[in-house]
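The following exercises concern a single protein chain. Please work through each task before reading its solution.

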Amino acid sequence: MRKLLLVVAVVIGTSAMAQTVLIKKVELAGENIIVHYDLEDSNPNNEYLINLYSSKDNYYAALIKVSGDVGMDVKPGLDKKITWKIRDEYGGYKGKIALELRV
């Protein structure tokens, strides 16, 4: 896999909620892409559905080869992390890709 990675991260949240989402860093770690983010909320008991999408399918379907702070029942907090196994999901994909985090 090439060492050069271009990632554009977009966050979509519900403005009616009192949450704030901030993507802090996106990194390439071997054959994985790791998205680091903070999910802040004034109520620590709220739970969110977090999904990661890619531009390869025009953000149509959530990525499935993900682990970490993703999916249902994610509580607010700092230093959240999603690990995406890009090779498992897309095989030997080459080219640019953008990511979108939906809350």
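Four exercises with worked solutions follow.

The model is predicted, so local features require pLDDT of at least 70 and side-chain atom pairs count only at pLDDT 80 or more, while totals for chains, interfaces and linings use all residues. Residues are numbered from 1 along each chain as its sequence is written, and side-chain values use heavy atoms, with hydrogens and water left out.

**Exercise 1. Confidence**

Determine which elements of the protein have the lowest and the highest mean pLDDT.

Solution. Step one: pLDDT is the predictor's confidence in each residue, from 0 to 100. The protein averages 86, and 83% of the residues score at least 70. Step two: strand E1 (residues 9–12) has the lowest mean, 52, and strand E5 (residues 66–68) the highest, 98. Step three: where pLDDT is low, the predicted coordinates should not be read in detail.

**Exercise 2. Element order and pairing**

State the order of the elements from the N terminus, and identify the bridge partner of Val35 in E7.

Solution. Step one: helices (H or I, at least four residues) and strands (E, at least two) are DSSP runs, numbered from the N terminus. One helix and eight strands are present, in the order β-β-β-β-β-β-β-α-β. Step two: two strands pair if DSSP finds at least two bridges between them. E3 and E7 are antiparallel, with seven bridges, and Val35 is partnered by Ile82. Step three: E5 also pairs antiparallel with E7, through three bridges; here Val66 stands opposite Trp84.

**Exercise 3. The nonpolar core**

Establish which element gives the most residues to the largest nonpolar core.

Solution. Step one: such a core is a set of buried (under 20% relative accessible area, 1.4 Å probe, protein chains only) Ala, Val, Leu, Ile, Met, Phe, Trp, Tyr and Cys residues joined through side-chain atoms within 4.5 Å. Step two: the largest one has 19 residues, and those with the most contacts inside it include Leu39, Ile82 and Trp84. Step three: strands E3, E4, E7 and E8 and helix H1 each give two or more residues; E3 gives the most, with four.

**Exercise 4. Positive phi**

Asn58 and Asp79 have a phi near 60°. Decide whether each is buried or exposed.

Solution. Step one: most residues other than glycine have a negative phi. Step two: Asn58, in the loop between E4 and E5, is exposed (over 50%) at 62% relative accessibility. Step three: Asp79 lies in strand E7 and is likewise exposed, at 56%.
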